[in-house]
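Thanks for coming. I will go through one structure today, starting with the chain as a whole and then moving to its pockets and a few residues. Please have a look at it first.

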Amino acid sequence: MILIDYNGIAVSNVVTQKMDIDENLVRHMILNSIRMHRSKHRAKYGEVVICADGFKNWRKDVYPQYKFKRKADRKVSKIDWKDLFRITNMVLEEIKENF
């Protein structure tokens with residue numbers, strides 16, 4: 001099985017491309033990344049399993065420093081994180097409904 005870190009793929013597409021947030025483009029980039037990993041590795045490892053963190057991440061209880069600086073970094077970022085998370089959550093729901 002191919003384990004895909006959904007949050008990592010979803011956010012990294014926008015952050016690494018330094019692009020404006022466009023709902024359709026973000027959806028395309030997320031789905032295209034999943035498709036690329038599936039096409040590349042399915043013959044050897046099998047099907048894709050999408051792994052996504054919930055709103056209450058257990059890691060923060062076990063390791064309080066886990067990603068502790070991210071909120072502060074988001075405040076100075078030019079990215080509209082609220083809109084990005086809205087889109088990535090919406091795409092995850094669409095994946096659940098359709099796959």
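How much surface does the chain expose, and what share of that do carbon and sulfur atoms supply? The exposed area is about 7700 Å², and carbon and sulfur atoms supply 55% of it. Before I go on, please note that this is a predicted model, and the values I quote are computed from it.

First, the overall layout. The chain has five helices and two strands. Read from the N terminus, the order of elements is β-α-α-β-α-α-α. The C-alpha trace spans about 40 × 35 × 25 Å along its principal axes. There are 99 residues in the chain, and 24% of them count as buried. As for contacts, take those in the chain with a separation of 6 or more: 73% of them are between residues 24 or more positions apart.

Now the pockets. The largest pocket has a volume of about 1000 Å³. Its lining is made of 30 residues, and those that lie nearest the centre are N7, D53, R70, R74 and F85. Which helices each supply at least two residues of that lining? They are α1, residues 6-17; α3, residues 58-62; α4, residues 70-76; and α5, residues 81-98. The largest share comes from α5, with seven residues. By residue type, the lining of the largest pocket divides into eleven nonpolar, eight polar and eleven charged.

The second largest pocket holds about 200 Å³ of space. I can give its lining in full: L31, I34, R35, R38, E47, V48, I50, I95 and F99. Two elements, α2 and β2, each supply at least two of these residues, with β2 covering residues 48-51. The largest share here is from α2, at four residues. In this lining, six residues are nonpolar, none are polar and three are charged.

Next, some individual residues, beginning with the helix that gives the largest pocket the largest share of its lining, α5. W81 has its place in that helix, α5. Is W81 buried or exposed? W81 counts as buried because its relative accessibility is 16%, and the cut-off for buried is under 20%. Not counting residues up to four places away in sequence, W81 touches V11, V15 and R74. Of these, R74 was already named among the residues nearest the centre of the largest pocket. W81 can also be placed relative to F55: the two are 26 residues apart in sequence, and their C-alpha atoms are 15 Å apart in space.

T88 is also found in α5. T88 has a relative accessible area of 5%, so this residue is buried as well. With residues up to four places away in sequence left out, T88 touches Y6, A10 and I30.

Let me follow one of the W81 contacts back to the other side. V15 is found in helix α1. What does V15 touch, leaving out residues up to four places away in sequence? The answer is I79 and W81. V15 counts as partly exposed, because its relative accessibility is 35%. From V15 to A43 there are 28 residues in sequence and 30 Å in space, C-alpha to C-alpha.

Moving along the chain, D22 lies in the loop between α1 and α2. D22 has a relative accessible area of 38%, so D22 is partly exposed. D22 and E93 are 71 residues apart in sequence, while the distance between them in space is 18 Å, C-alpha to C-alpha.

The last residue is S33, which lies in helix α2, residues 23-45. Why does S33 count as buried? S33 is buried because its relative accessible area is 16%. A polar atom of the S33 side chain lies 2.9 Å from the backbone oxygen of M29. Setting aside neighbours within four places in sequence, S33 is in contact with I9 and N13.

To recap the pockets: the largest has a volume of about 1000 Å³, and the second largest has about 200 Å³ of space. In the first case α5 gives the largest share of the lining, and in the second case α2 does. That is all I have.

Methods: Residues numbered from 1 in each chain as written. Predicted model: local features only at pLDDT ≥ 70, side-chain atom pairs only at ≥ 80, totals over all residues. Heavy atoms only, no water. Buried < 20%, exposed > 50% of the residue type's maximum accessible area, 1.4 Å probe, protein only. Polar contact = N/O pair within 3.5 Å; in protein donor to acceptor, adjacent residues only side chain to side chain. Contact = heavy atoms within 4.5 Å. 1 Å grid on protein atoms, 1.4 Å probe; cavity = no way out; pocket = protein on both sides within 12 Å on 5 of 7 lines; lining within 4 Å. Points joined across faces, edges and corners; volume = space filled by probe spheres on them. Nonpolar A, V, L, I, M, F, W, Y, C, P; charged D, E, K, R; others polar. Areas by Shrake-Rupley, 256 points an atom, 1.4 Å probe, with all protein chains shown as cover.
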